[in-house]
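Thanks for making time this morning. I would like to walk you through one protein model, going slowly from single pairs of residues to the whole chain, so please keep the picture in view while I talk.

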Amino acid sequence: MGQLIKFLIISIAFLIGFILLFFGVKKINLKKDKKYGIFIITILSILTFSNCANSQINNNKTANIIVDGQSDRMKKLNNTIEWQHFKAFWQNMDNVSPQVTIFNQNGELEMYKSYDFGFNNNKNNNKNNNKNNNEDSYEQIIDKLEIHLESLKETKLINENELLAIEVICKERIKHLYQFNSLLLLHKMPPQMDMNINASLENLEFKIDTLIGFKNNNVINQDEYQKALKNINSEVNNILFISTILSNYNGSIYEGMQSDKNILDNNKKYFETHFEKLRKQEGENGESEKKYLEIKTKLEDIEQSFSTLDELINDLLKFRS
C-alpha cells in the first residue's frame with residue numbers, strides 16, 4: 001500500500017510538471033526556462049514531502065515497539081497488581097550489573113566482565129558472614145519468588161507449564177547471580193551440558209542488558225527489536241531444557257565438545273545419546289530406562305510452555321525507563 005501511494009504521488013508530480021511545462025499557468029507569463037524550473041521544483045517538493053511522511057511512519061513504528069501487538073491475555077495480565085509486582089521483581093534481576101575484574105596478563109592489564117561471580121555479588125556473604133543484616137540474600141530472594149508465583153497462580157491467566165517455566169528460569173538466574181559457581185572448584189573439565197547452562201545464563205544477562213540499553217537510547221528499530229527478543233527467548237528455552245535435565249539427574253552427561261554450538265538441538269542430542277548408551281548396557285526396563293522416561297516427561301511439560309512463554313518473557317522486558 002505504501003509503495004502504491006508513493007507511485008501515485010510521483011505520477012501526479014510528473015503530471016503537474018508537464019502541465020506547467022507545456023501549458024503554463026493562467027494569468028502568469030513565464031519564460032520556457034522558468035517553466036522547466038517550476039517543473040523540477042514541483043517534483044522535488046512532492047518527493048521531499050513523501051520522504052518526510054515515510055520517515056515519520058518509520059519513526060512511529062520504532063516509538064511503538066514497546067506497546068504494539070499485545071494479546072488479550074497480556075492486556076488482562078497487565079491490569080493485575082500481581083503481574084506488575086512480578087515485573088518489578090524480574091527487573092531487579094535485570095538491574096544487576098556484571099562485575100568487572102582487571103588482572104595482569106603478561107604485563108598488560110586485561111579486563112574480564114561477568115555476572116558469574118558467586119558470593120561477591122551476594123551481600124549476605126561478607127567477610128563476617130553475617131546473614132542477619134542482609135535483605136538481599138539468596139534465600140530471601142527465593143522466598144520472594146515463591147510468593148510471587150503463588151500470586152500469579154491466583155490470576156488464572158498463566159497455566160501450570162508456564163508457571164513452572166517461570167519458576168525454573170528465575171531460580172537459575174538467581175542462583176547464577178547470587179550463589180557461588182561450584183564448577184569453578186573442579187579440578188577437571190566439567191561436562192559440556194553443565195558448561196552450556198552456565199554460558200547460556202551469562203548470555204541471557206548480557207542480551208537483556210544490551211536490549212534495555214538500546215531501547216533506552218532509542219537506537220533499535222522494529223526488526224532489530226524482534227530479533228533481539230527472539231534471541232533472548234531461544235536462550236531462555238535452552239536454559240529451561242538443560243536445567244530440567246540436570247535438576248532431575250544425579251549423574252553426569254559427558255557428551256559433546258567445546259567446539260559445538262550451545263543450542264537447544266545439540267543439548268537434546270547429548271541427552272538422547274547419553275541415555276541411549278545406558279539403556280543398551282542395562283537392557284529394557286532398567287533404571288536408566290525409568291530415569292530417561294521420567295526426565296523425558298518433564299521435558300515435554302516444559303517444552304509445552306515454549307510457544308506461549310515467549311509473550312510473557314517479552315512483556316517482562318517492556319516499559320523500561
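Let us begin in helix α6, where K171 and E167 both lie, four residues apart, which is about one turn of the helix. Their side chains meet in a salt bridge, with 2.8 Å from N to O. Please keep in mind that this is a predicted model, and that the distances I mention are computed from it. As for how far these two residues are covered, K171 is partly exposed, with a relative accessible area of 29%, and E167 is likewise partly exposed, at 23%.

If you wonder what lies behind such a pair, side chains of opposite charge can pair when their charged atoms come close. How many salt bridges does the structure hold? There are 16, and I will take you through two others.

One of them is formed by the side chains of K207 and E235, which meet at 2.6 Å, N to O. This pair links distant parts of the chain, since K207 sits in helix α7, residues 192-216, while E235 belongs to helix α8, and the two are 28 residues apart. Is each partner buried or exposed, or somewhere in between? K207 is partly exposed, with a relative accessible area of 29%, whereas E235 is buried, with a value of 7%.

There is also a network to look at, in which salt bridges that share partners join R73, E162 and E311. Within this network, E311 forms a salt bridge with R73, and the closest N and O atoms are 2.8 Å apart. Because E311 lies in helix α11 and R73 in helix α3, the pair ties together parts that are 238 residues apart in sequence. E311 is partly exposed, with a relative accessible area of 26%. R73, on the other hand, has 19% relative accessibility and so counts as buried, the cut-off for buried being under 20%.

Since we have arrived at helix α11, which covers residues 306-316, let us stay there for a moment and ask which of its residues are buried. They are F306, L309, L312, I313, N314, D315 and L316. If you then follow these buried residues outward to see what they pack against, you find α3, α4, α6, α8, α9 and α10. Two of those helices should sound familiar, because α3 holds R73, and α6 is where we met K171 and E167.

Now to the surface, where V100, I102 and L109 form a nonpolar patch with about 320 Å² of accessible area together. V100 lies in strand β1, residues 99-105, and at 41% relative accessibility this residue counts as partly exposed.

Finally, let us step back to the whole chain. The protein has eleven helices and two strands, and, read along the sequence, the pattern is α-α-α-α-β-β-α-α-α-α-α-α-α. Of the 321 residues in the protein, 37% are buried. Among contacts between residues at least 6 apart in sequence, 73% join residues at least 24 apart, and the pair of E311 and R73, with its 238 residues of separation, is a salt bridge you can look at with that in mind. As for the outside, the protein exposes about 19,700 Å², and carbon and sulfur atoms supply 53% of that area.

Definitions and conventions: Residues numbered from 1 in each chain as written. Predicted model: local features only at pLDDT ≥ 70, side-chain atom pairs only at ≥ 80, totals over all residues. Heavy atoms only, no water. Buried < 20%, exposed > 50% of the residue type's maximum accessible area, 1.4 Å probe, protein only. Contact = heavy atoms within 4.5 Å. Salt bridge = Lys/Arg side-chain N within 4 Å of Asp/Glu carboxyl O. Areas by Shrake-Rupley, 256 points an atom, 1.4 Å probe, with all protein chains shown as cover. Patch = residues over 30% accessible without salt bridge, like charges linked within 9 Å, V, L, I, M, F, W, Y side chains within 5 Å.
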